[in-house]
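Me: I have a structure to look at and have not seen it before. Can you walk me through it?

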Amino acid sequence: MLDKLGTKGLAGIACLVLGIAIVAIQAPIVAAGLAFVVAGLGLVAGGLAENVMKMFGMA
């Protein structure tokens with residue numbers, strides 16, 4: 001999966017993890033909530049992409 005992300009994708013993941021880590025230093029509960037929100041958005045985006053690919057007969 002990492003080879004498909006490219007440089008921008010890896011930089012984005014690094015920024016995401018770094019941002020959550022910075023929040024976790026000050027407020028661990030808030031950081032956990034942010035992590036769940038980001039994971040949920042990822043799952044929704046993945047589901048939408050899968051449905052669109054099925055509509056076009058690619059999956």
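Reply: What follows goes from the overall fold to single residues; the model is a predicted one.

Me: Ok, basics. How many helices and strands does the chain have?

Reply: The chain has two helices and zero strands. Helix H1 covers residues 2–26, and helix H2 covers residues 28–55.

Me: Is it a compact globule or more spread out?

Reply: More spread out, because the radius of gyration of the chain is 15 Å, well over the 10 Å that the globule rule gives for 59 residues. Along its principal axes, the C-alpha trace spans about 45 × 25 × 10 Å.

Me: What share of the residues counts as buried?

Reply: Of the 59 residues, 2% count as buried. The accessible surface of the chain is about 4,900 Å². Carbon and sulfur atoms account for 78% of that surface.

Me: Back to H2. How far does it reach, end to end?

Reply: From its first C-alpha to its last, H2 reaches 41 Å. It has 28 residues, and the span expected at 1.5 Å a residue is 40 Å, so the two values are close.

Me: And what comes just after H2?

Reply: Gly57, which takes a positive phi of about 75 degrees.

Me: Which residues make the nonpolar surface patch?

Reply: Val52, Met53, Met55, Phe56 and Met58 make it, and the patch is about 590 Å². One of them, Met55, lies in helix H2.

Me: Is Met55 buried or exposed?

Reply: Exposed, because its relative accessible area is 69% and the cut-off for exposed is over 50%.

Me: Different topic: charges. How many salt bridges are there?

Reply: A search of the whole structure finds one salt bridge. Glu50 forms it with Lys54, and the closest N and O atoms are 3.5 Å apart.

Me: Why would side chains like that pair?

Reply: Side chains of opposite charge can pair when their charged atoms come close.

Me: Where do Glu50 and Lys54 lie?

Reply: Both lie in helix H2, four residues apart, which is about one turn of the helix. Glu50 is partly exposed at 41% relative accessibility. Lys54 is also partly exposed, with a relative accessible area of 47%.

Me: Now H1. What does Val23 touch?

Reply: Val23 lies in helix H1. Not counting residues up to four places away in sequence, Val23 touches Pro28, Val30, Ala31 and Leu34.

Me: How far is Val23 from Leu34, going by C-alpha atoms?

Reply: Their C-alpha atoms are separated by 9.0 Å, and the two residues are 11 residues apart along the chain.

Me: With those contacts, does Val23 count as buried or partly exposed?

Reply: Partly exposed, because its relative accessibility is 27% and buried means under 20%.

Me: What about alanines in H2, say Ala35 and Ala49?

Reply: Ala35 is found in helix H2 and is partly exposed, at 33% relative accessible area. Ala49 lies in H2 too, and with a relative accessible area of 39% it is partly exposed.

Me: Any distances for those two? How far is Ala35 from Ala45?

Reply: Ala35 and Ala45 are 15 Å apart in space, C-alpha to C-alpha, and 10 residues apart in sequence. For Ala49, the C-alpha distance to Val17 is 23 Å, with their positions 32 residues apart along the chain.

Note on methods
Residues are numbered from 1 along each chain as its sequence is written. This is a predicted model: local features need pLDDT of at least 70, side-chain atom pairs count only at pLDDT 80 or more; totals for chains, interfaces and linings use all residues. Side-chain values use heavy atoms; hydrogens and water are left out. Patches are made of residues with over 30% relative accessible area and no salt bridge: like charges are joined within 9 Å, nonpolar side chains (Val, Leu, Ile, Met, Phe, Trp, Tyr) within 5 Å. Accessible areas come from the Shrake-Rupley method with a 1.4 Å probe; for residues, only the protein chains shown count as cover. A salt bridge is a side-chain nitrogen of Lys or Arg within 4 Å of a carboxyl oxygen of Asp or Glu. Buried means under 20% relative accessible area, exposed over 50%, partly exposed in between (1.4 Å probe, protein chains only). Contact means heavy atoms within 4.5 Å. The radius of gyration is taken over C-alpha atoms; the globule rule is 2.2 Å times the number of residues to the power 0.38.
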